[in-house]
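Grab a pencil and work through these exercises one at a time. Try each task yourself before you read the solution under it.

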Amino acid sequence: MLAEYYAYNANLKTISFKGNNIKNISPLVHLSSLKKLILDKTAVDNILPLSKLKELKYLSVCYTKVTESQIKELKKSLPECDIYHDFE
């Protein structure tokens, strides 16, 4: 429900959901101006919907259920985005 609240403010540049019990981030795909998204310590397990956010430059997914393969796939769509994770 939290992501749905933010989905209607298209001018947002930065959002941090760190430590929140958010799982579904697909409502955020409408935030075309979003540049920085922090999802650390959340229940997020799928970041691929973010591939539509062409302005995204910083994404942090430490301590989530996001897989390394999802990160590699997202990097193909968003090569300018720095993605931080807790994989070695």
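**Exercise 1. A side chain and a backbone nitrogen**

Which backbone nitrogen does the side chain of threonine 64 reach, and at what distance?

Solution. Before we start, note that this is a predicted model, where local features need pLDDT of at least 70 and side-chain atom pairs count only at pLDDT 80 or more, while totals for chains, interfaces and linings use all residues. Residues are numbered from 1 along each chain as its sequence is written, and side-chain values use heavy atoms, with hydrogens and water left out.

Step 1: find threonine 64 in the loop between strand 3 and helix 2. Helices (H or I, at least four residues) and strands (E, at least two) are DSSP runs, numbered from the N terminus.

Step 2: follow the side chain of threonine 64 to the backbone nitrogen of valine 66, at 3.3 Å. A polar contact is a pair of N or O atoms within 3.5 Å; within protein, one must be able to donate a hydrogen and the other to accept it, and residues adjacent in sequence count only if both atoms are side-chain atoms.

Step 3: look for the same kind of pair elsewhere. A polar atom of the threonine 42 side chain lies 3.4 Å from the backbone nitrogen of valine 44. For serine 16, a polar side-chain atom lies 3.4 Å from the backbone nitrogen of lysine 18.

**Exercise 2. Lay out the whole chain**

Work out the order of helices and strands along the sequence, then the order of strands in the sheet.

Solution. Step 1: count 2 helices and 4 strands. Along the sequence they follow the pattern α-β-β-β-α-β.

Step 2: put the 4 strands into an open sheet, in the order 1-2-3-4 with parallel pairing. Strand 1 and strand 4 (82–84) each have a single partner strand, so they stand at the edges with one side left without a neighbour in the sheet. On average, neighbouring strands of this sheet are turned by 5° against each other, direction ignored. Axes here are lines fitted to C-alpha atoms, for helices over the stretch in contact, and angles run from 0 to 180 degrees between N-to-C directions.

Step 3: zoom in on one pair. Strand 2 (residues 36–38) and strand 3 (residues 58–60) are joined in the parallel sense over 3 bridges; two strands pair if DSSP finds at least two bridges between them. Here leucine 37 stands opposite leucine 59 in strand 3.

**Exercise 3. Sort residues by burial**

Are serine 16, phenylalanine 17, threonine 42, tyrosine 63 and threonine 64 buried, partly exposed or exposed?

Solution. Step 1: set the cut-offs. Buried means under 20% relative accessible area, exposed over 50%, partly exposed in between (1.4 Å probe, protein chains only).

Step 2: apply them.

- Phenylalanine 17 is buried, because its relative accessible area is 1%.
- Threonine 42 has 9%, so it counts as buried.
- Threonine 64 has 16%, so it is buried too.
- Serine 16 has 44%, so it counts as partly exposed.
- Tyrosine 63 has 56%, so it counts as exposed.

Step 3: zoom out. Of the protein's 88 residues, 40% count as buried.

**Exercise 4. Link up the loops**

Find out what threonine 42 and threonine 64 touch, and which residues come together from distant parts of the sequence.

Solution. Step 1: place the residues. Phenylalanine 17 is in the loop between strand 1 and strand 2, and threonine 42 is in the loop between strand 2 and strand 3.

Step 2: list contacts (heavy atoms within 4.5 Å). Not counting residues up to four places away in sequence, threonine 42 touches Phe17, Gly19, Asn20, Ile22, Tyr63 and Thr64. With the same neighbours left aside, threonine 64 is in contact with Leu39, Asp40, Lys41, Thr42 and Val44.

Step 3: check the C-alpha distances. Phenylalanine 17 and threonine 42 are 25 residues apart in sequence and 7.3 Å apart in space. Threonine 64 and lysine 41 are 23 residues apart in sequence and 5.6 Å apart in space.

Step 4: look at the backbone. Lysine 41 has a phi near 55°, a positive value in a residue other than glycine. Tyrosine 63, also not a glycine, has a positive phi of about 60°.
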